[in-house]
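Let's take a friendly walk through a protein model together. Keep the picture beside you and look up each residue as we come to it.

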Amino acid sequence: MTTTPVLAPTREELSNLLSGARREGRPIGLVPTMGALHEGHASLVREARARVGDGPVVVSVFVNPMQFGAGEDLDRYPRTLDADLEVCAREGVDVVFAPSVEEVYPGGDPMVTVEPGPLADVLEGRSRPGHFRGVLTVVAKLLGLVRPDVAVFGQKDYQQLALVRRMVADLCLGVDVVGAETVREAGGLALSSRNRYLDEEQRVEALALSRALLAAQEAAAYGLGPALDAARAELRAAKTVDLDYLEVTTPDLGPLPDPVPAGTEARVLVAARVGTTRLIDNMPLVLGNPDGAHDQQGER
């Protein structure tokens, strides 16, 4: 059964639509997106619904120019609002907040932004300077406008999730930030709005990313070096995958201890270009635990 969500293109309409729930004390859930919704986003909506029960679930659809750098795909980023509304209707979303750039940034670029700190300078931040400043600024705006009790983000964008959690904790924003598991295609490719840019051959090549992460998981029982070696072997076999980074970190994206104690929980993260499309992925792993070689909690 589908329920037609109410479309709110302005901040005032959004506030009016949520005022009743606030008066009644019902929890509000938020799923921030840039649109081009797919099954991965649908799973985030279902997680939000499970958290708030009969409270309203809000999906924001906004392609945020602040998080795109020079030469990135802002202009060609897919904008599919009609199809997005169909996904939201199918999943029982109550409100879709789809503002214009002028509505989110009245008067142009904001003078006050969120400084993401040193965690924004590693991994994605090395390749995309200023990206997370834009991400956290718009997320802070959305949290302020919706005032949700729960906000759901996908684990595929793991660094973004970690930074949002840090911002919410450091600024005492009082929101429960939930990281939902990555949804994958049958072959293992993580669902992404950018997958639509891949042709058939590139889609096959892109499977090397998830294969590399799974190989790292399997070899992690024997230590950090074997995990990275196994992942690199998978990536080398894919001739058209241009690797940006492959790294293993602590779950909060910090450096691993040296030496690494057996049973250390970690995260393996990868970014690469397949053709002109930049893809990212990650999985959890446990390092140096041969007895648990087959007990990895992977997203398969």
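Our starting point is Arg11: apart from its neighbours within four places in sequence, this residue is in contact with Phe97, Glu103, Pro106 and Leu145. Before we go on, please keep in mind that what you are looking at is a predicted model. Arg11 belongs to helix α1, which covers residues 11-24. Is Arg11 buried, exposed or something in between? Its relative accessible area is 34%, and because buried means under 20% and exposed means over 50%, Arg11 counts as partly exposed. The chain also brings distant parts of the sequence into the neighbourhood of this residue: Val146 is 135 residues away from Arg11 in sequence, yet the two are 8.9 Å apart in space, measuring from C-alpha to C-alpha.

Next, let's look for aromatic rings. How many aromatic pairs does a search of the whole structure find? The search finds two. One of them joins Phe62 and Tyr105, with 6.2 Å from centre to centre and 50 degrees between the planes, an arrangement called tilted. Phe62 sits in the loop between β3 (57-61) and α3 (81-90), while Tyr105 sits in the loop between α4 (101-104) and α5 (124-127), so this pair ties together parts that are 43 residues apart in sequence. Both Phe62 and Tyr105 are buried. In the pair of Phe68 and Tyr77, the ring centres are 5.9 Å apart and the planes meet at 75 degrees. Because an angle over 60 degrees counts as edge-to-face, that is the name for this pair. Phe68 is buried, with a relative accessible area of 11%, and Tyr77 is buried too, at 7%.

A ring can also have a charged partner. Find Arg76 and you will see that it lies over the face of Tyr197, at 3.9 Å from the ring centre.

Now let's turn from the atoms to the gaps between them. Rolling a probe the size of a water molecule over the atoms shows where empty space is left. In this model, one cavity of 30 Å³ or more is counted, and the largest cavity has a volume of about 40 Å³. Three elements each give two or more residues to its lining: α7 (158-170), β8 (264-274) and β9 (277-287). Which of the elements gives the most to the lining of the largest cavity? That is β9, with three residues. Sorted by class, the lining has five nonpolar, two polar and three charged residues.

Among the residues that line this cavity is Lys156. Look for Lys156 in the loop between β5 (150-154) and α7. Its relative accessibility is 15%, so Lys156 counts as buried. Setting aside neighbours within four places in sequence, Lys156 is in contact with Thr182, Ala190, Leu191, Ser192, Ile280 and Asn282. Ile280 and Asn282 also appear in the lining of the largest cavity.

Our last stop is the second largest pocket, which has a volume of about 270 Å³. Here α7 gives the most to the lining, with five residues. Among the lining residues are Tyr158, Leu161, Arg165, Arg166 and Asp252. By class, the lining divides into five nonpolar, two polar and four charged residues. Tyr158 is worth finding again in the picture, for this residue lines the second largest pocket and also the largest cavity.

Key
Residues numbered from 1 in each chain as written. Predicted model: local features only at pLDDT ≥ 70, side-chain atom pairs only at ≥ 80, totals over all residues. Heavy atoms only, no water. Helix = DSSP H or I, 4+ residues; strand = E, 2+ residues; numbered from the N terminus. Buried < 20%, exposed > 50% of the residue type's maximum accessible area, 1.4 Å probe, protein only. Contact = heavy atoms within 4.5 Å. 1 Å grid on protein atoms, 1.4 Å probe; cavity = no way out; pocket = protein on both sides within 12 Å on 5 of 7 lines; lining within 4 Å. Points joined across faces, edges and corners; volume = space filled by probe spheres on them. Nonpolar A, V, L, I, M, F, W, Y, C, P; charged D, E, K, R; others polar. Phe/Tyr/Trp six-rings, centres within 6.5 Å; stacked < 30°, edge-to-face > 60°. Lys NZ or Arg CZ within 6 Å of the ring centre and 35° of its normal.
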